[in-house]
Amino acid sequence: MTQLYPFDNYWAHFGVFTVVVLVFALAGVMAFIYVERRGFGPFQLRMGPNRAGPFGLLQPVADAIKVLLKEDIVPTVADKVVHFLAPVVGFLPVLLIFAVVPFHEGHGLLPDLNVGILYVVAISSLGVVGVFMAGWASNNKYSLIGAVRVIAAMVSYEMPLVLSIIGVVLISGSLSMNAIVNGHDIPFFLLTPLGFLIFLVSAMAEINRGPFDMLEADSEIVAGFHIEYSGMKFAMFYLAEYGHALAMSAIAATLFFRGWVGPGAEYIGVLWFMVKTLIIFVLMIWLRVTFPRLRIDQLMGFAWKFLFPLALINLLIIGGEVVGFDGDIPWWMLFVNFAVAGVLVLVGSKSYRLGGGRVEVKV
Amino acid sequence: MKLKFEHYGKGLAKGLGVTFQHLLRHRITTQYPEQRLSVSKRFRGYELVWDKERCTGCATCAKSCLQGNIEIVTSRGEDENKYVVEKFEVDTGRCIFCGLCVESCPYDALFLSREYECSTYRRGELVLSRDQMERTEEKQVSGYFRPEVETGLPEQTLLLDKAGRKTQQLWQ
């Protein structure tokens with residue numbers, strides 16, 4: 001347990017592992033950008049970037065160089081200070097999340113927080129402040145609309161997200177990320193399938209990806225909150241977006257896929273963790289490439305009329321199971337939970353209408 | 001009242017299925033510089049191809065040109081029956097590739113080519129001289145208005161097939 005903490009000195013430990021986390025986050029983000037752009041190819045019957053380097057592996061590097069060399073343009077009427085600070089405020093919380101993610105048995109890299117998941121939930125929502133600052137400071141109607149939409153989506157989807165996390169916390173009986181990994185022998189995505197579904201959907205909405213990318217809906221508001229950003233500042237937002245995706249995948253892997261647990265976890269626990277993170281991310285790519293963007297009212301309706309009640313009921317059921325089995329849920333309950341999840345999704349689908357009040361034309 | 005469940009996500013599952021099937025199909029991208037599709041048999045490509053032997057220097061092509069683009073200067077040579085073409089110039093920068101010169105040629109001495117990479121660094125390079133247009137073995141002649149050429153040309157391809165794709169290097 002102590003082999004990953006070689007430093008007695010507080011500052012040495014802090015300095016070294018901050019650099020490690022930073023490097024992991026940046027390298028991971030570049031890898032994810034490549035995986036997504038490359039992964040979109042086969043889904044859309046095309047190649048994806050394949051010119052820069054072998055298999056296009058250097059494409060993110062080329063992108064980074066291009067974006068660094070671009071001119072940094074600030075609108076004349078922008079709020080200059082806020083405009084400058086927004087990318088930093090947007091990107092920093094994403095980095096902070098990685099401090100508590102347990103890469104290996106025993107602990108997160110920086111601290112070993114006993115309220116790890118609470119910290120993650122608290123920090124990850126801070127990124128939206130940066131987005132709103134960007135939207136406001138740009139002095140552009142599209143960016144403001146995009147930012148306002150982000151706030152609305154964030155407030156709505158934070159609740160099902162947290163409620164689904166609480167279900168996992170209830171079973172494992174701890175807020176520590178490491179204790180959650182060791183919480184049950186069965187991965188939680190099997191034990192609480194509904195919770196995983198709600199978490200995945202809310203997380204995708206929270207990081208504004210896939211069918212929920214309301215904040216930069218290209219066809220409606222051009223590029224949303226970062227319409228007035230270019231060069232390095234734009235790169236920061238881009239990094240923050242993918243960094244958030246990486247963080248959410250890592251958290252999903254930790255909470256629902258047992259993180260570093262796998263055969264030979266003492267030696268290659270980090271590898272297991274990364275593989276699981278990648279699998280979650282590929283799942284997100286698949287969802288993103290398949291579904292068209294939701295309209296803003298559909299987004300709200302989906303959160304409040306479908307996800308939120310279901311998350312509450314899910315929490316109630318899990319709470320009942322934890323109390324009923326005295327904290328130790330037997331493995332066969334996963335079949336019951338799958339059946340209950342199916343029924344709940346079926347019933348929940350009646351709770352909201354499609355079309356948002358428009359008249360449906362019967363053919 | 002009969003309960004009907006319609007929106008429980010079967011559409012979502014169907015959509016996911018469709019994109020998953022895309023993973024198993026071969027990709028439709030043609031990687032242009034390495035892979036090329038074969039153009040239409042009657043493709044009206046860049047540059048004209050001029051058959052020196054057949055041309056009599058009648059200048060019908062120059063008269064038919066909408067752009068007034070073809071410049072032809074002839075002189076009376078030693079052979080009484082035939083003019084010698086001294087200057088034959090086409091500015092392809094102004095050419096609209098209508099093919100009227102090819103259609104009007106009474107001796108079938110003018111052809112369009114199948115070439116399509118026509119970008120140059122200078123406008124002046126677009127002006128084709130007599131020697132540049134002269135028909136040689138390696139010049140690809142289009143079947144436009146020349147049925148006897150058309151029969152020998154390969155079929156047009158719209159997509160690369162799976163087999164053709166496997167044999168070629170896709171990236172370096």
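Two residues are in contact here if their C-beta atoms, placed from the backbone, lie within 7 Å. Keep that in mind for the tour of this predicted model.

**Stop 1: the contact between the chains**

Show chains A and B together. Their contact takes 18 residues from chain A and 16 residues from chain B. Select the side of chain B that touches chain A: by class, this side has 7 nonpolar, 7 polar and 2 charged residues.

**Stop 2: α6 and α13 of chain A**

Next, hide chain B and select residues 141-172 of chain A, which form helix α6. Add residues 296-324 of chain A, helix α13. The two helices pack with their axes 9 Å apart, at an angle of about 15°. Angles under 35 degrees count as roughly parallel, so α6(A) is roughly parallel to α13(A). Their crossing is left-handed. Coloured by class, the contact of α6(A) with α13(A) shows 21 nonpolar, 5 polar and 1 charged residues.

**Stop 3: α6 and α9 of chain A**

Keep α6(A) and swap α13(A) for helix α9, residues 193-206 of chain A. The axes of α6(A) and α9(A) come within 8 Å and cross at roughly 150°. Angles over 145 degrees count as roughly antiparallel, so that is the term for α6(A) and α9(A). The crossing of this pair is left-handed.

To see the contact, pick out residues on each helix. From α6(A) they include A153(A), M154(A), Y157(A) and E158(A). From α9(A), I198(A), F199(A) and S202(A) are among them. By class, the contact of α6(A) with α9(A) has 11 nonpolar, 4 polar and 2 charged residues.

**Stop 4: α9 of chain A by itself**

Now leave α9(A) selected alone. This helix has 14 residues and reaches 19 Å from its first C-alpha to its last, close to the 20 Å expected at 1.5 Å a residue. Bring the surroundings back: α9(A) is mostly covered, with 14 of its 14 residues buried. Step past the end of the helix to N208(A), which follows α9(A) and has a positive phi, near 55°.

**Stop 5: two loop residues**

Go to L45(A), in the loop between α1 (10-43) and α2 (59-69) of chain A. Its phi is near 60°, a positive value in a residue other than glycine. L45(A) counts as partly exposed because it has 14 C-beta neighbours inside 10 Å.

Finally, show chain B again and select D108(B), in the loop between α3 (100-104) and β4 (110-112) of chain B. The phi of D108(B) is positive, near 55°, and the residue is not glycine. With 14 other C-beta atoms within 10 Å, D108(B) is partly exposed.

How values were computed:
Residues numbered from 1 in each chain as written. Chains lettered and ligands numbered in written order. Predicted model: local features only at pLDDT ≥ 70, side-chain atom pairs only at ≥ 80, totals over all residues. Axes fitted to C-alpha atoms, helices over the stretch in contact; angles between N-to-C directions. Helix = DSSP H or I, 4+ residues; strand = E, 2+ residues; numbered from the N terminus. Parallel < 35°, antiparallel > 145°, perpendicular 65-115°, else oblique. Left-handed = near helix turned anticlockwise from the far one by under 90°. Nonpolar A, V, L, I, M, F, W, Y, C, P; charged D, E, K, R; others polar. Expected span 1.5 Å × (residues − 1). Buried ≥ 20, exposed ≤ 12 C-beta atoms within 10 Å, placed from the backbone.
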